[in-house]
Amino acid sequence: MDRHSDRTRLIAAATRRGKGRRPVNPPLERASTLLSDRVADMRDDSLGPVYGIDGTASQTALRAAVADLEGAAHCWLAPSGLAAVTLPILALTRPGDEVVTTDALYGPVRRFLTRHLAARGVTTRFHSPGATVGEIMATATERTRLILIESPASLTFEMTDVPAVASAARARGLLTVMDNTWAAGLAFKPLAHGVDISVQALTKYAGGHSDLLLGSICANDPGVARCIAAAVEDLGICVSPDDAWLALRGLRTLTLRYAEQSRSALKVATWLANRPEVARVLYPALPGDTGHPVWARDYSGSASIFGVVMKGSDAKAAEAFLEALTLFGLGYSWGGFESLATFETPQLAMRNTPPGLEGSLLRLHIGLEDPADLIADLEQGLTVWRALQDSNLRPSA
């Protein structure tokens, strides 16, 4: 067994000997047709891929690296993080089944469940984002097939006791799928904690440069693996060799970027939590957050994204605050080298029970910029926010 750290293994995979003279990274092979020397070889999978859809050097190397990172026997690539979540659900459910998940679920996945899957006879039961393990399991019925876990949950960052849910689900014969993008395969290992399937948006931290779309699906159970492999094959799921090559390159520095951005995020989150304009910062790595005890017990690090609840619900003030920022890009996604900011209050309306927040909800992703500069930029935005709030409170003539 390889006892090296993730940091070492992600690099050592590129430099292992025994493969002759070669580049550090695998060559980029763009191919649809793959030629064989004999007719019999064309049908022999043991000789490697028989068609481009099976993947060439960069896809094969990326699958191996992600599998090693997640502690998985099997890994598949998907063309986006969304596809990585939806594909195993599609593969493992049948008409009449139910999926149990959090009401704080990522919006596009919620849309897939309530639109695409519901039209095919699979229903979804939502539990409260802050539900206990007992409450989550009580949501499941005799029709429930799997539990979809987001921890932390989307936008409001509630934590779930994943090992306990996985154990309880296994005892009832239910499968578990966890979106592990926040931990990037580094800070938490779902499969080692009893989860059946771990998925990631490699778009985020693995890519690291906001220039690709990619996802991964990892599993150990042979029966689960057969179902997912069949769905990948039947649906013709494949990814670009160029995107796989970029993600593989990003993986080599993943541990350093993740740790540095986490440190910066904690600095910025701590500063914001002490600002008079801010009601709360939603970040499990922050002492005092409701999810902090679970995070401290189970996680070895934290992502660089968190929520900020303002003291006031004026949408115009929130938008003016964000537009006053010069170092934060206004754009969706996270995990890249650049800091990003979004206004998230409208998305909360998708939930069955919108959370009772004190004010507008903003989401910040902290990149690799100097955190002191980011704090100064946020101070500038808060000045604009205060001015608008004060003008709204001022009595009219």
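**Strands β8 and β9.** I began with strand β8 and strand β9 (residues 305-310) in this predicted model, and I found that 4 bridges join the two, which run antiparallel. Looking for a residue pair that fixes the register, I noted that V281 has V308 in β9 as its bridge partner.

**The sheet around them.** I then followed the pairing outward and wrote down an open sheet of 5 strands, in the order β8-β9-β12-β11-β10, whose pairing is mixed. At its edges I have β8 (278-282) and β10 (329-330), each of which pairs on one side only.

**Strand β6.** Next I asked myself how many residues of strand β6 (residues 197-201) are buried. I counted 5 of the 5, so I recorded this strand as largely enclosed by the rest of the structure. I also checked the two faces of β6 separately, and both are covered, with I197, V199 and A201 buried on one side and S198 and Q200 buried on the other.

**Neighbours of β6.** Which strands pair with β6, and in what sense? On my list, strand β5 (residues 175-179) pairs with β6 in the parallel sense over 3 bridges, whereas strand β7 (residues 215-219) pairs with β6 in the antiparallel sense over 5 bridges. I used S198 as my reference point in β6, since M178 stands opposite S198, and S198 in turn stands opposite C218 in β7. I add that S198 is one of the buried residues noted above.

**Strands β2 and β3.** I turned to strand β2 (residues 98-102), which I entered as mostly covered, with 5 of its 5 residues buried. For its pairing, I found that β2 and strand β3 (residues 123-127) are joined in the parallel sense over 5 bridges. One pair I marked for inspection is V99 with its bridge partner T124 in β3.

**A charged patch.** Last, I looked at the surface and asked which residues gather in a patch of negative charge. My entry reads D45, D54, E233 and D234. I followed up on D54, which I located in the loop between α1 (6-15) and α2 (57-70). Is D54 buried, partly exposed or exposed? I calculated nothing further here, but its relative accessibility stands at 40%, and because partly exposed covers what lies between under 20% for buried and over 50% for exposed, I entered D54 as partly exposed.

How values were computed. Residues numbered from 1 in each chain as written. Predicted model: local features only at pLDDT ≥ 70, side-chain atom pairs only at ≥ 80, totals over all residues. Heavy atoms only, no water. Patch = residues over 30% accessible without salt bridge, like charges linked within 9 Å, V, L, I, M, F, W, Y side chains within 5 Å. Areas by Shrake-Rupley, 256 points an atom, 1.4 Å probe, with all protein chains shown as cover. Salt bridge = Lys/Arg side-chain N within 4 Å of Asp/Glu carboxyl O. Lys, Arg positive; Asp, Glu negative; His and termini not counted. Charge placed at Lys NZ, Arg CZ, Asp CG, Glu CD. Buried < 20%, exposed > 50% of the residue type's maximum accessible area, 1.4 Å probe, protein only. Pairing = 2+ DSSP bridges.
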